[in-house]
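Biologist: Please take one part of this model and go through it closely. I would like the strand pairing and the charged contacts, with burial given alongside.

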Amino acid sequence: MVDERESVTAKICAFVRAWHSNKSREKIYDDYLAYDLMGKEEYDLIYDMISHGFDGIDEKMSADETEQFINEYFASIPLSRIHFSESRLRDFAKENGNIQYVICGVGSDTFTFRNTDPNIKIFEIDHPDTQRYKLEKISSLEWNIPENVRFVPVDFEKDSMVEKLLEAGFDKNTKTFFSILGVTYYLTLDVFSDTLSQIADISALGSELVFDYPMKSGNFPERVHQLEQITSSLGEVMRGGYDYSEVSRALYKLGFQIDTYMPPEKVQEHYFSGRNDNMKAFENVSLISAAYTAGYNYE
């Protein structure tokens with residue numbers, strides 16, 4: 001099951017969106033509200049933590065060294081996956097009109113306040129503590145919550161995501177776009193498949209699912225292993241990843257048909273080719289979108 005408590009890595013991803021929006025001249029994705037929602041105090045705290053190598057003991061890196069470190073280890077994964085997800089969401093909404101958008105583990109994502117399409121009904125799913133913290137920040141900023149948005153607190157150790165969504169007004173007969181980003185790194189495929197199964201149970205035909213995942217096998221460079229060590233030092237242990245054959249089989253069994261698969265080399269070509277800041281796709285991260293067709297049931 002997906003467990004979406006606030007985490008240090010989630011805060012780093014929020015920082016990256018704010019950092020990229022404020023600093024980069026070659027924007028992959030512009031979350032122009034990320035800094036406001038995060039706030040200067042938390043933004044500076046994460047920057048300081050990164051520049052000191054996370055333990056506060058190492059000598060502080062220079063501004064240029066810190067920027068290079070952010071670009072090399074933290075920026076490419078969250079920026080490419082959110083661009084991938086939101087570009088497909090826009091196409092999905094344009095094609096289908098009135099739709100639902102379920103963001104699993106939304107964290108500090110600001111789509112709710114960047115969205116200009118009133119035909120997208122948004123369901124933000126997160127752990128109650130994380131969601132409460134976000135709502136307090138929204139209130140302090142005096143942002144108006146749009147009428148087409150529902151905040152859905154889910155404690156996955158106690159609650160059913162499906163029941164909570166239905167209680168919040170989710171319509172099983174309306175085509176829905178589901179986004180699950182940054183989750184698979186910390187789950188076995190069996191555990192992640194349980195969440196996929198729940199999504200399949202409430203998906204109208206033609207609904208769409210988007211997620212990223214780390215690959216299990218391959219000749220990966222040292223930075224892949226170093227990132228795993230960094231997240232482990234923060235108390236968030238990566239679980240080893242999946243093979244594409246495993247992922248595709250799990251999806252097909254539940255009635256999903258993969259329509260877009262972007263392995264690392266495709267992510268590099270699409271998002272990072274020709275950049276001047278040394279940012280490049282992570283060598284073990286793939287992106288997938290899949291449509292719910294209910295036409296497959298491989299046992």
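Modeller: What follows starts with one strand and then turns to the charged side chains. The model is predicted.

Start with strand β1, residues 99-104. The strand is mostly covered, with six of its six residues buried. Ile99, Tyr101 and Ile103 point one way. Gln100, Val102 and Cys104 point the other way. In a regular strand, side chains alternate between the two faces of the sheet. Here both sets are buried.

Now the neighbours. Strand β2, residues 120-126, runs parallel to β1, and six bridges join the two. Within this pairing, Gln100 stands opposite Lys121. Strand β4, residues 176-180, also runs parallel to β1, joined to it by five bridges. There, Val102 stands opposite Phe178. So β1 has Gln100 facing a partner in β2 and Val102 facing one in β4, and by the under-20% cut-off both count as buried.

Next, the charges. Side chains of opposite charge can pair when their charged atoms come close. The count comes to 13 salt bridges. One of them joins Lys137 and Glu42, at 3.5 Å from N to O. Lys137 lies in helix α6 (residues 128-141) and Glu42 in helix α3 (residues 40-51), so this pair ties together parts that are 95 residues apart in sequence. Both residues, Lys137 and Glu42, are buried.

A second salt bridge is formed by the side chains of Glu246 and Lys216, at 3.1 Å from N to O. This pair also links distant parts of the chain, 30 residues apart. Glu246 sits in helix α10 (residues 244-253), while Lys216 is in the loop between β5 (208-214) and α9 (222-233). Lys216 is partly exposed, because its relative accessible area is 41%.

A third joins Arg275 and Asp277, at 2.7 Å from N to O. Arg275 has 14% relative accessibility, so Arg275 counts as buried. Asp277 comes to 17%, and therefore Asp277 is buried as well. Elsewhere, salt bridges that share partners join Arg17, Asp31, Glu86 and Arg114 into one network.

Last, a surface patch. Glu59, Asp64, Glu65 and Glu67 gather there in a patch of negative charge. Asp64 belongs to helix α4, residues 63-96. Its relative accessible area is 61%, so Asp64 is exposed.

How values were computed. Residues are numbered from 1 along each chain as its sequence is written. This is a predicted model: local features need pLDDT of at least 70, side-chain atom pairs count only at pLDDT 80 or more; totals for chains, interfaces and linings use all residues. Side-chain values use heavy atoms; hydrogens and water are left out. Buried means under 20% relative accessible area, exposed over 50%, partly exposed in between (1.4 Å probe, protein chains only). Helices (H or I, at least four residues) and strands (E, at least two) are DSSP runs, numbered from the N terminus. Two strands pair if DSSP finds at least two bridges between them. Patches are made of residues with over 30% relative accessible area and no salt bridge: like charges are joined within 9 Å, nonpolar side chains (Val, Leu, Ile, Met, Phe, Trp, Tyr) within 5 Å. Accessible areas come from the Shrake-Rupley method with a 1.4 Å probe; for residues, only the protein chains shown count as cover. A salt bridge is a side-chain nitrogen of Lys or Arg within 4 Å of a carboxyl oxygen of Asp or Glu. Lys and Arg count as positive and Asp and Glu as negative; His and the chain ends are not counted. The place of a charge is taken as NZ of Lys, CZ of Arg, CG of Asp or CD of Glu.
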